[in-house]
Amino acid sequence: MLLLNLFNVQQTILLLIPATNFDVSTSFPEPVLSTTDTYRPVVIWHGLGDNYNTSGIHKVHEILDSMYPGIFVYAVRLDDNPSSDEQKSFFGDANKQIDEVCQQLRNITELLHGFDSIGFSQGGVFMRGLIERCPLEVNNLITFGSPHLGVLELPLCKDRFDWLCKRRNALLKKQVWHDSVQKRVIPAQYFRDPANIDQYLEHSNYLADINNERDEKNATYKENFSKLNKLVLVSFTEDTTLVPKESSQFHDFDPELKRSIPFLYTELYKNDYIGLKTLYEKNSVDFLSIEAEHMHIDEDFIKNIAQEYLGGKLCT
């Protein structure tokens, strides 16, 4: 018998998610998108507890448009209602959501000749799965604090003496491999504990598949992902939301030595499961960091990213 029913799991997840300082969840009118194809379009996938219509997403669009007038910017949404879109960042089947977004983007005329992509936190690992699975022409992928090699802890309790928070974490971790949790609670679908890797490989609903970690490999994932022109991995040096924080740059974790395994020494890289080694060897992987907590991003950093990796001209 489950220690908590699924309803209680959902409520617990909502209580555990820390507030982000990246934006304020305020409702805005539907963005007006330009139809020009001079610049390569940009597609943005928001993170956990966020939605496509927040002030932060609008701010990114505003910055990009000021630098590249008329650039087409599209924010991924799983529902046109911002509140429902936010709810679906917590609950649902990640695989079905990837399929839905694949069809969504393939039906947008402005994206037919390719685009650059940005994934904030959870949105980055979803954008990567989309690139691996969906026949889209993606030039650059930029991810901010994304759990590429999973999370092995839930967000840390703000108060180390908050035993109620710690108890909630412990209960959720005990249930994480139940099918009802794996196919319903989004963060559980990228949970990955190296100390219990067999359970992860057997039960993971999403991450084990897109990381090509199971015995049966999907050659299409590697083929599609290694076509990227540039993979940009942004980490937050003071991150306590993403645990371990090095997951954002594809570092693994050694459960015995209790330390990070650097990018070049991971099985994912050495065996080139998804094309990381291929990308790295052609100088197509950039590692950047922000000296801040999770998703604390200032405008200057966004502008620098945009200048370096966005705004390329389309060849149509």
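Select glutamate 267 first: this residue is partly exposed, with a relative accessible area of 44%. Three words describe accessibility on this tour: buried means under 20% relative accessible area, exposed means over 50%, and partly exposed is in between (1.4 Å probe, protein chains only). The areas come from the Shrake-Rupley method with a 1.4 Å probe, and for residues only the protein chains shown count as cover. The structure is a predicted model, in which local features need pLDDT of at least 70 and side-chain atom pairs count only at pLDDT 80 or more, while totals for chains, interfaces and linings use all residues. Residues are numbered from 1 along each chain as its sequence is written, and side-chain values use heavy atoms, with hydrogens and water left out.

**Salt bridges**

Keep glutamate 267 selected and add lysine 270. Their side chains meet in a salt bridge, 3.3 Å from N to O. A salt bridge here is a side-chain nitrogen of Lys or Arg within 4 Å of a carboxyl oxygen of Asp or Glu. Lysine 270 is also partly exposed, at 43% relative accessible area. The two residues are three apart in helix H11, so about one helical turn separates them. Helices (H or I, at least four residues) and strands (E, at least two) are DSSP runs, numbered from the N terminus.

How many salt bridges does a search of the whole structure find? The search finds 13.

Next, select lysine 222 and aspartate 272. They form a salt bridge whose closest N and O atoms are 3.3 Å apart. Lysine 222 lies in helix H10 and aspartate 272 in the loop between helix H11 (267-270) and helix H12 (276-281), so the pair ties together parts that are 50 residues apart in sequence. Lysine 222 is partly exposed, at 32%, whereas aspartate 272 is buried, at 10%. Now add tyrosine 273: its C-alpha atom is 6.5 Å from that of lysine 222, although the two residues are 51 apart along the chain.

Move to glutamate 213 and arginine 192. Their salt bridge has its closest N and O atoms 2.9 Å apart. This pair links distant parts of the chain, 21 residues apart: glutamate 213 is in the loop between helix H9 (207-210) and helix H10 (219-225), and arginine 192 is in the loop between helix H7 (179-182) and helix H8 (197-203). Is glutamate 213 buried or exposed? Glutamate 213 is buried, with a relative accessible area of 14%. Arginine 192 counts as buried as well, at 5%.

For a network of salt bridges, select Lys59, Glu62 and Glu299, which are linked in this way.

**Charges over rings**

Select lysine 217 with tyrosine 273. The charged end of lysine 217 sits over the tyrosine ring, 3.7 Å from its centre. To count, NZ of Lys or CZ of Arg must be within 6 Å of the ring centre and within 35 degrees of the ring normal. Then select arginine 77 with tyrosine 52: arginine 77 lies over the face of the ring, at 4.0 Å from the ring centre.

**Aromatic pairs**

A search of the whole structure finds 12 aromatic pairs. Rings of Phe, Tyr and Trp (its six-membered ring) pair if their centres lie within 6.5 Å; planes under 30 degrees apart count as stacked, over 60 as edge-to-face and the rest as tilted.

Select tryptophan 45 and phenylalanine 126. This pair is edge-to-face, with 5.5 Å from centre to centre and 70° between the planes. Tryptophan 45 is in strand S1 (residues 42-45) and phenylalanine 126 in helix H5 (residues 122-133), so the pair ties together parts that are 81 residues apart in sequence. Both residues are buried.

Now select Phe263, Tyr269, Tyr280 and Phe287, which ring pairs link into a cluster. Phenylalanine 287 is found in strand S8 (residues 285-290) and is partly exposed, at 33%.

**A nonpolar patch**

Keep Tyr280 and Phe287 and add Leu264 and Tyr265: these four make a nonpolar surface patch of about 390 Å². Patches are made of residues with over 30% relative accessible area and no salt bridge, where like charges are joined within 9 Å and nonpolar side chains (Val, Leu, Ile, Met, Phe, Trp, Tyr) within 5 Å.

**Helix H13**

Finish with helix H13 (residues 299-309), whose buried residues are Phe301, Ile302, Ile305, Ala306 and Tyr309. Looking down the axis, these buried residues fall within an arc of 140°, so they line one face of the helix. The arc is that of the directions from the helix axis to the C-beta atoms. Turn the helix around: the face away from the buried side carries the exposed residues Asp300, Gln307 and Glu308.
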